[in-house]
Amino acid sequence: MRKLLFVAYQSPVGSIWVNEAFRTAFGMYGEDLEPSVLLLDEACIALSKNTKPESLGLLPLSICHKYIKRYATKVYVLKEDIEKFSIKEIEENFGAQIIEKKSLPDFFHGFDYVIFM
């Protein structure tokens, strides 16, 4: 089974890319692929319990939660980004694994494909 990593790096408020990364990842399960999602830079704001893009008329992030759980989709975030954006309360429904920036090269090499969105 090939492993794919979808990397979202834009804010979930004002752009669609965090939701699109998850939507695309969920679509891969029917193709015998193992997708994961990395929320990088401003995209890590999606993990905050206080982030509500639906307030601006965008899709809510909560629609991703049931599918993350159903498919056991792996979600990753950088420790440094969480600190940079002062995220205090992480939404546990994402089940995010925190990794350090220094481990990114080896982390990326653990996937067959890395797609930035």
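Let me begin with Glu-91, which lies in the loop between helix H3, residues 79–84, and strand S4, residues 97–99. I should say at once that this is a predicted model. Is Glu-91 buried or exposed? Glu-91 counts as buried, at 15% relative accessibility, because the limit for that class is under 20%. Leaving aside neighbours within four places in sequence, the residues in contact with Glu-91 are Leu-47, Lys-49 and His-65. In the case of His-65, 26 residues separate the two in sequence, while the C-alpha to C-alpha distance is 9.6 Å.

I turn now to the strands. Strand S1 covers residues 2–8, and 5 of its 7 residues are buried, so S1 is largely enclosed by the rest of the structure. Which strands pair with S1? One is strand S2, residues 33–39, which runs parallel to S1 over 7 bridges. Another is strand S5, residues 113–116, also paired in the parallel sense, over 4 bridges. Val-7 illustrates both pairings: Leu-38 stands opposite this residue in S2, and Phe-116 is its bridge partner in S5. As a general point, side chains in a regular strand alternate between the two faces of the sheet.

Next, the connection between S1 and S2. Together with helix H1, residues 17–27, these two strands make a β-α-β unit, and the unit is right-handed. Within H1, the buried residues are Val-18, Asn-19, Glu-20, Ala-21, Phe-22, Ala-25 and Phe-26. The buried residues of this helix pack against S1, S2, H2 and S3.

That packing leads to the nonpolar interior. The largest nonpolar core has 25 residues, and those with the most contacts inside it are Phe-6, Val-18, Phe-22, Val-37, Leu-39 and Ile-68. At least two residues of this core come from each of S1, H1, S2, H2 and strand S3, the last being residues 74–78. Which element gives the most to this core? That element is H1, with 5 residues. Another core, of 10 residues, lies apart from the largest one, and includes Tyr-76, Leu-78, Phe-107 and Phe-111.

Leu-39 deserves a word of its own. Not counting residues up to four places away in sequence, Leu-39 touches a set of residues that includes Ala-8, Val-18, Phe-22, Cys-44 and Leu-47, together with Val-75, Tyr-76, Val-77 and Leu-78.

Phe-111, named a moment ago in the second core, also has a charged partner. Lys-3 lies over the face of the Phe-111 ring, at 5.1 Å from the ring centre.

Finally, the aromatic residues. A pair of aromatic rings is described by the distance of the centres and the angle of the planes. With a limit of 6.5 Å between ring centres, the count comes to 10 aromatic pairs. Why is the pair Tyr-67 and Tyr-71 described as stacked? The ring centres of Tyr-67 and Tyr-71 are 6.3 Å apart and the planes stand at 15°, so the pair is stacked; the cut-off for stacking is under 30 degrees. These two tyrosines are 4 residues apart in helix H2, residues 62–71, and are therefore separated by about one helical turn. Tyr-67 counts as partly exposed, at 27% relative accessibility. Tyr-71 is partly exposed as well, with a relative accessible area of 33%. Both belong to one aromatic cluster, formed with Phe-22, Phe-26, Tyr-29 and Phe-94. Phe-22 and Phe-26 in that cluster are also among the buried residues of H1.

Technical notes. Residues are numbered from 1 along each chain as its sequence is written. This is a predicted model: local features need pLDDT of at least 70, side-chain atom pairs count only at pLDDT 80 or more; totals for chains, interfaces and linings use all residues. Side-chain values use heavy atoms; hydrogens and water are left out. Rings of Phe, Tyr and Trp (its six-membered ring) pair if their centres lie within 6.5 Å; planes under 30 degrees apart count as stacked, over 60 as edge-to-face and the rest as tilted. Buried means under 20% relative accessible area, exposed over 50%, partly exposed in between (1.4 Å probe, protein chains only). A charge sits over a ring if NZ of Lys or CZ of Arg is within 6 Å of the ring centre and within 35 degrees of the ring normal. Two strands pair if DSSP finds at least two bridges between them. A crossover is right-handed if, with the strands pointing away from the viewer, the path from the first strand over the helix to the second runs clockwise. A nonpolar core is a set of buried Ala, Val, Leu, Ile, Met, Phe, Trp, Tyr and Cys residues joined through side-chain atoms within 4.5 Å. Contact means heavy atoms within 4.5 Å.
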